[in-house]
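Thank you all for coming. Please have a look at the model on the screen before I begin.

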Amino acid sequence: MSDTAQLIVDGKTYEIPIITGTEGERALDISRLRADTGLITLDPGCGNTGTCQSSITFMDGEKGILRYRGIPVEQLAEHSTFRETAYLLINGELPTQEELQRFSVRLNDHSLVHEDMRAFFESYPRGTHPMGMLSSMINALRAFYPRIPTRSEEEEINITFARLLSKVRTLAAMSYKISLGHKVVYPRYDLSYCANFLNMMFDSPVRPYRIDEDLVEALNVFWILHADHEQNCSTAAVRSVGSARVNLYASISAGISALWGPLHGGANQAVIEMLQEIYDRGGDPAPFIARAKDKEDPFRLMGFGHRVYKTFDPRARIMEKVCNRVLKKLNRQDPLLPIAKRLEEVALKDSYFIDHNLYPNVDFYAGIVLRAIGIPLDMFPVMFAIGRLPGWIAQWKESADDPKWKIHRPRQIYTGLLKRDYVPMEERG
Ligand code: ACO
């Protein structure tokens with residue numbers, strides 16, 4: 001296969017290098033394009049544009065493959081824990097027993113949040129969306145931990161990562177408790193990452209929380225499945241904001257804001273709202289499918305479609321299994337589950353969805369799993385954010401360590417008015 005492509009512009013031929021990734025993906029390296037030809041490329045939404053080379057996550061959207069550091073997500077969901085997967089993503093290798101132990105001690109040591117941060121929470125109006133709170137609280141961590149380690153201070157950088165990974169859980173649970181007007185529950189040293197979070201969310205002096213290992217396991221898998229997804233919108237935001245060499249907290253805060261959108265991490269909440277609406281209107285998905293197909297209607301089937309996957313999102317299959325398992329274990333019916341299954345069945349047979357390669361994505365069954373665990377609806381995107389944090393950190397670290405790091409500064413094709421003169425107020429018509 002050729003390692004260059006030819007571009008002919010105005011009769012002149014330019015050689016464009018082709019670079020190949022380890023899984024055989026090929027890309028035109030256009031980094032010299034403007035300097036050599038005076039042209040730029042136009043690719044709204046970046047569907048054809050790679051902005052970095054990365055060794056963290058591999059996806060094949062046509063085959064439905066997702067691997068973190070080479071390991072299939074299916075294997076991680078079956079055998080790993082979220083804590084171990086976070087270590088893998090950030091450090092590149094699975095930890096030894098000793099490394100994992102050290103990592104756990106660190107997560108435990110940094111799980112408390114400065115008491116002064118409570119004042120921030122308490123000043124938010126009741127009903128504030130917890131995703132907005134989380135984004136600003138993560139940014140505020142910079143004020144409480146002002147010393148940002150330099151790139152050579154590896155130990156200090158690892159402490160900053162652990163601080164974020166651990167405190168995000170505490171902050172998320174605090175936002176929930178304070179929104180209820182209830183007493184905050186502190187993290188416990190004797191609980192695992194996931195169990196600790198559930199305990200902080202649901203323990204109460206009047207109703208002690210009984211930890212159910214099956215729910216802990218479901219949460220583990222939920223977070224593993226969300227841990228990274230290469231250059232998605234929020235990760236691109238983390239990299240882009242980080243490219244200005246702002247501190248890690250501000251970069252992650254930007255990622256949380258991007259993730260909040262209903263087309264991205266807000267979709268798990270939007271799916272449940274859609275399923276609930278179908279249920280409230282009698283349970284027939286047909287009118288919703290018809291709306292999703294109608295070009296005049298902006299409505300989309302939530303939890304369907306993906307920029308990269310043109311087949312089943314591999315995470316959706318695992319999530320569906322977790323969903324069935326959890327509901328069976330709890331011996332609970334969720335009236336939204338049969339509606340989701342019916343909707344999926346009808347959509348997958350419909351020529352519009354087939355022709356557009358629209359399949360369920362990770363969010364389709366995620367909401368039902370979260371409901372079973374007891375997570376309130378507006379906390380759904382927050383759950384996604386906690387899960388995605390290891391990926392954001394790994395991606396931020398990779399770009400910070402890249403010797404070719406450049407500030408992100410896309411170009412544009414200007415389509416506005418040509419030069420004209422300022423008109424004084426009294427002369428304006
Ligand atoms: N329902 C109906 N039609 C859809 C849907 C959908 N969910 N998704 C895409 N389409 C259609 C579009 O109308 C468009 O049709 P057209 O070509 O006939 O005009 C075509 O499919 C392509 O759509 P785009 O918006 O160009 O696809 P893109 O790759 O940019 O969007 C996205 C991907 C945003 C995920 C989209 O599929 C969507 O909005 N899905 C619903 C929201 C959702 O579930 N988001 C979660 C994504 S996964 C995640 O972030 C974890």
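I will go through the ligand site, then a pocket and a cavity, and finally a small sheet.

This is a predicted model, so that local features need pLDDT of at least 70 and side-chain atom pairs count only at pLDDT 80 or more, while totals for chains, interfaces and linings use all residues. Residues are numbered from 1 along each chain as its sequence is written, and side-chain values use heavy atoms, with hydrogens and water left out.

Let me start with the ligand. There are 20 residues around the ligand, of which Arg 300, Leu 301, Gly 303, Arg 307 and His 356 come nearest, where a residue is near if one of its heavy atoms lies within 4 Å. By class, this shell has ten nonpolar, six polar and four charged residues; Ala, Val, Leu, Ile, Met, Phe, Trp, Tyr, Cys and Pro count as nonpolar, Asp, Glu, Lys and Arg as charged, and the others, Gly among them, as polar. Looking at individual atoms, a polar backbone atom of Leu 301 is 2.8 Å from a nitrogen atom of the ligand, whereas polar side-chain atoms of Lys 295 and Arg 307 lie 3.1 Å and 2.9 Å from an oxygen atom of the ligand. On its own the ligand has 920 Å² of accessible area, and the protein covers 75% of that, by the Shrake-Rupley method with a 1.4 Å probe.

Now to the empty space. The second largest pocket (an open set of points on a 1 Å grid over the protein atoms alone, with protein on both sides within 12 Å along at least five of seven lines) has a volume of about 350 Å³, a volume being the space filled by probe spheres set on the points. It is lined by 19 residues (those with an atom within 4 Å of a point), and the closest to its centre are Pro 149, Arg 151, Ile 157, Trp 396 and Ala 400. Helix H7 (154-180) is one of the helices that each supply at least two lining residues, and H7 gives the largest share, five residues; helices are DSSP runs of H or I, at least four residues.

What lines the largest cavity? Leu 112, Val 113, His 114, Glu 115, Arg 118, Thr 170, Met 174, Val 184 and Tyr 186 do, around about 60 Å³ of space, a cavity being a set of points where a 1.4 Å probe fits but cannot get out.

Finally, the sheet. Three strands (DSSP runs of E, at least two residues) form an open sheet in the order S4-S5-S6, with antiparallel pairing, where two strands pair if DSSP finds at least two bridges between them. Strand S4 (57-60) and strand S6 (71-72) stand at the edges with a single partner strand each, so one side of each is left without a neighbour in the sheet.

Methods:
Polar contact = N/O pair within 3.5 Å; in protein donor to acceptor, adjacent residues only side chain to side chain.
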